[in-house]
Amino acid sequence: MASFPITRTTTPKVKPADDELSFGKVLTDHMFLMDYQEEKGWHSPRIVPYGPLSLDPATSVLHYGQAIFDGLKAFRGDDDQIRMFRPDRHAERFNRSGQIMCMPELPVDIIRQSFDALVGLEHEWVPRKPGTALYLRPTIIATDVMLGVHPAHNYLYFLILSPVGTYYKEGVKPVKILASDTHVRAVKGGTGEAKTAGNYAASLAGQRDAANAGYSQVLYLDGVNRKYLDEVGTMNIMLRIGDEVITPPLTGTILDGVTRASTMQLMRDWGLRVTERQIAIEEVMAAGRDGTLKEMWGTGTAAVVSPVGTLGYKGEDVLINGGEIGDVTRRLYDAITGLQYGRSNDPHGWMSIVRKG
Ligand SMILES: *Cc1c(COP(=O)(O)O)cnc(C)c1O
């Protein structure tokens, strides 16, 4: 592996106790930076003490949001080894987001090397308590200094790390979600398939309205017909009607979730029937009413799977599986976390060891 120049911090932070961790509030001691200039390409990779970036107020990302990010986790196994979950796939998706946002490609092996180098340096920050992890947030921002809408000629790549707590502090708890008939997230031809900053800014109003109505998340419908399920704000959606597991197809409006792909693979390995197809909200509500909607769950790096206990749409709520986590959801959660903490063998080679215990 390449080695990068490292400037070590002279003021290491006090690490919080594992059971005080939540999501994204504590950042580690160092960060990885690399610059891009049109004439030079990507250059000057380096690890430096974590700290503020200095940006001119006219920096283009601050005005026009040309920014991408990704999110993945490193886990400390029961055997004390540190493993990342599918870093290559995350690196490839990061580049896909970059293509959509008119950014220069950053080679996957350099992204991988930045993950390995920074997590390796910060290995003491990977928490030990079951269910905890070290979250990696790779990001690219446009750094041209000039007011004018255009794809930038200069960029900054940075990687920061945050120890995160157990998503399910009181056990896996089903959530109440609202299929919105007022807010949309993306349309075909837009940026729905990119992890780009503006998509999340655009989701805030829908999230606020759902919260005011007593729901914890928004389930977005397609932006054209307001009929077919798209995804949740930060999770892909899956449901089981009878014995068929259904998830919306990748048509450019939803994110190509790594957890989505991984859970689909596992269910197929288990012999379950998994179908990618458009599914209308009316069909889901009808299945909820007549009891054939057996379970529904979101997938994403933060929670792995998040069971949906109640689905609301146009003033009606359907209760799913008595508000309890379903069998397939539970099995997926156990299977993925089993791999992440090194408790089960890994036939697909999804785990990448950063550091031996
Ligand atoms: C990150 C994200 C997901 C989940 O993707 P994973 O790779 O499984 O973490 C789903 N939808 C959106 C909009 C996201 O931003």
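This text goes through a predicted model in three steps: a strand with its two partners, a proline in another strand, and a bound ligand.

Start at strand S4, which covers residues 72–76. Of its 5 residues, 5 are buried, so the strand is mostly covered; buried here means a relative accessible area under 20%. In a regular strand the side chains alternate between the two faces of the sheet. In S4, Leu72, Ala74 and Arg76 point one way. Lys73 and Phe75 point the other way, and the residues of both groups are all buried.

Which strands does S4 pair with? One partner is strand S6, made of residues 133–142, and 3 bridges join it to S4. These two strands run antiparallel. Another partner is strand S5, residues 82–85, which also pairs with S4 in the antiparallel sense, over 3 bridges.

Ala74 is a useful residue for following both pairings. In S6, Leu134 stands opposite Ala74. In S5, the bridge partner of Ala74 is Met84. S4 and S5 form a hairpin with 5 residues between the strands. Within this hairpin, Asp80 has a positive phi near 70 degrees.

Now move to strand S2, residues 41–49, and find Pro45 in it. Is Pro45 buried, partly exposed or exposed? Its relative accessible area is 25%, and Pro45 counts as partly exposed because this value lies between the limits of 20% for buried and 50% for exposed.

The contacts of Pro45 can be followed along two parts of the chain. Leaving out residues up to four places away in sequence, Pro45 touches Phe4 and Pro5, and also Phe32, Leu33 and Met34. Ile6 can be used for a distance: 39 residues separate Ile6 from Pro45 along the chain, and their C-alpha atoms are 9.5 Å apart.

The last stop is the ligand. There are 17 residues around it, and those that come nearest are Lys195, Tyr200, Glu231, Thr259 and Thr301. Two of these residues place a polar side-chain atom by an oxygen atom of the ligand: for Tyr200 the distance is 2.4 Å, and for Thr301 it is 2.6 Å. Val258 takes part through its backbone, where a polar atom is 2.8 Å from an oxygen atom of the ligand. How much of the ligand does the protein bury? Taken alone, the ligand exposes 380 Å², and the protein buries 96% of that area.

Definitions and conventions. Residues are numbered from 1 along each chain as its sequence is written. This is a predicted model: local features need pLDDT of at least 70, side-chain atom pairs count only at pLDDT 80 or more; totals for chains, interfaces and linings use all residues. Side-chain values use heavy atoms; hydrogens and water are left out. Helices (H or I, at least four residues) and strands (E, at least two) are DSSP runs, numbered from the N terminus. Buried means under 20% relative accessible area, exposed over 50%, partly exposed in between (1.4 Å probe, protein chains only). Contact means heavy atoms within 4.5 Å. Two strands pair if DSSP finds at least two bridges between them. A residue is near a molecule or strand if one of its heavy atoms lies within 4 Å of it. A polar contact is a pair of N or O atoms within 3.5 Å; within protein, one must be able to donate a hydrogen and the other to accept it, and residues adjacent in sequence count only if both atoms are side-chain atoms. Accessible areas come from the Shrake-Rupley method with a 1.4 Å probe; for residues, only the protein chains shown count as cover.
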